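Okay, thanks for having me, everyone. Let me pull the model up and then we'll walk through it.

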Number of protein chains: 2
Amino acid sequence: MLPALSIGEYSLVYNLFSFTFAAMFASFIFFVLARPQVASQYRSALIMSALVVAVAGYHYFRIFESWSGAYMLIDGMYQPSGQPFNDAYRYVDWLLTVPLLVAELIAVIALPPKQAGAFTFRLAGAAALMVILGYPGEIAADNGTRALWGFFSTLPFLYIVYVLFTQLGSAIERQPEGARVLVRNIRLLLLATWGFYPIVYMIPFLGDGAALSASVVVAVQVGYCIADVVAKCGYGVMIYAIARAKTTDKELVPAPAVGD
Amino acid sequence: MLPALSIGEYSLVYNLFSFTFAAMFASFIFFVLARPQVASQYRSALIMSALVVAVAGYHYFRIFESWSGAYMLIDGMYQPSGQPFNDAYRYVDWLLTVPLLVAELIAVIALPPKQAGAFTFRLAGAAALMVILGYPGEIAADNGTRALWGFFSTLPFLYIVYVLFTQLGSAIERQPEGARVLVRNIRLLLLATWGFYPIVYMIPFLGDGAALSASVVVAVQVGYCIADVVAKCGYGVMIYAIARAKTTDKELVPAPAVGD
């Protein structure tokens, strides 16, 4: 199934897996250590960020090992060793992390508990459904099946976009001044980074489906790595920035004087 | 003993073990980091949740390794390598974690110490007995022996249900408003998730007992993984939600004004 790769192609993917693993565990340390910097009601958002990158770090370690095992260097070319490259780790990862990413967003907005619970349930559920529906297409041997499941997977994605950009609108208007722009931006960041995944998903359409070319395999892996770093580490740092901005705001409110 | 598996069947179980391991360690991080979010009297419940998923994570790592070792890829099929697949890790795991799961429930209800001790002792004891009595049936070669020990194991389970739904009833009525529904729900969640285990336990009855078919092996492993994620991670998160709801309740009580 896997194509032979040049040393340069193999190493590019290898080093990018290592980079992504390092980015994930560095982000994990950051989110754990930065918790006391934000007000207590936003700490659950940072904990979720920490979970996301911990889970992703674990999976990148596994993907890394699987990549190393799937190739052997023979006469200056990397040839498939016969061991499968287990790309399914990505879907297992997303199944855990993608619902957490939307839950983070709701947590940092700090809606009233009941409203927050309803939003989290709907968005996280749709996110999980999106990942599950994408999987049969990813492992499909032909592009028709890939396109079909890709289409099904797009439906919950559109639902998420709809909820974020319409129903969540009024919640954002109630945000303090300093945080409002950040919350708007993070919604766009979520859309931009998530929008990257379908593009990578569709890269195999450039090939003929059955036999993946070396450049398609490299492009898919590079694409998913970059998307994961932006959507998990970058997004988490923005969540932190929002929590931090809202914390400062809160601290600026003077405490009521004794006797009032 | 083990049947040959297709790549898809083997990979499904393989990826689900990896998923479950990741879910366990992510939950561990969550329960450890979330402790400061709840009032101090509920932290022991969160510590127990952390222990449960840590122990389960360790065992899933072992099960994962055992699964990898038990199969070899030969001509596009996974054939038994001759090394046994050690399913007993599950029972070792449950022997430690299942008594902790009932202890968590008692801890988060926060009964008076004496009453809490008595409930914990009876429920945790019955839980351990349930696991011990199930084991001879799990390793039995014939379905008759499996059914017999399954029956014995059901007796302490029924005792646990009896205690939870009758004797614990009055304790629940004394819970604060916001937590009462959650405590009721978690009792149902415990029943629902635990009820899943006997179903998986009985899957081999679908086969002829001695030689397990590929689909039975896959169904049992998938079933236990899902049951463990819901009964340990999901249940722990609900315990956290209860502790959090009770903490907020407590904080909502206005502090006495200075001078009163």
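So, polar contacts: across the interface of chain B and chain A the rule finds five residue pairs, both at pLDDT 80 or more. By polar contact I mean a pair of N or O atoms within 3.5 Å; within protein, one must be able to donate a hydrogen and the other to accept it, and residues adjacent in sequence count only if both atoms are side-chain atoms. This is a predicted model, by the way: local features need pLDDT of at least 70, side-chain atom pairs count only at pLDDT 80 or more, and totals for chains, interfaces and linings use all residues. Housekeeping: residues are numbered from 1 along each chain as written, chains are lettered from A and ligands numbered from 1 in the order written, and side-chain values use heavy atoms, with hydrogens and water left out.

And how many salt bridges are there across that interface? Zero, where a salt bridge is a side-chain nitrogen of Lys or Arg within 4 Å of a carboxyl oxygen of Asp or Glu.

Who's touching chain A from the chain B side? Helix H1 (7–34) and helix H2 (43–70) of chain B each supply at least two residues, with helices being DSSP runs of H or I, at least four residues, and strands E runs of at least two, numbered from the N terminus. H1(B) gives the largest share, 13 residues. By class, that side has 15 nonpolar, three polar and no charged residues; Ala, Val, Leu, Ile, Met, Phe, Trp, Tyr, Cys and Pro count as nonpolar, Asp, Glu, Lys and Arg as charged, the others, Gly among them, as polar.

In total, the contact (heavy atoms within 4.5 Å) takes 18 residues from chain B and 22 from chain A. About 1700 Å² is buried between the two chains, 71% of it from carbon and sulfur atoms; that's accessible area, 1.4 Å probe, lost on putting the two parts together, summed over both. In chain B, Asn15(B), Phe19(B) and Leu33(B) lose the most area to chain A, together 31% of what that side buries.

Okay, salt bridges elsewhere. Searching the whole structure gives 10 over all chains. One pair is Lys232(A) with Asp93(A), at 3.2 Å, N to O. Lys232(A) is in helix H8 (residues 214–252) of chain A and Asp93(A) in helix H3 (residues 88–109), so the pair ties together parts 139 residues apart in sequence.

Last bit, chain A overall. It comes to eight helices and three strands, in the order β-α-α-β-β-α-α-α-α-α-α. The C-alpha atoms of chain A fill a box of roughly 85 × 35 × 25 Å along the principal axes.
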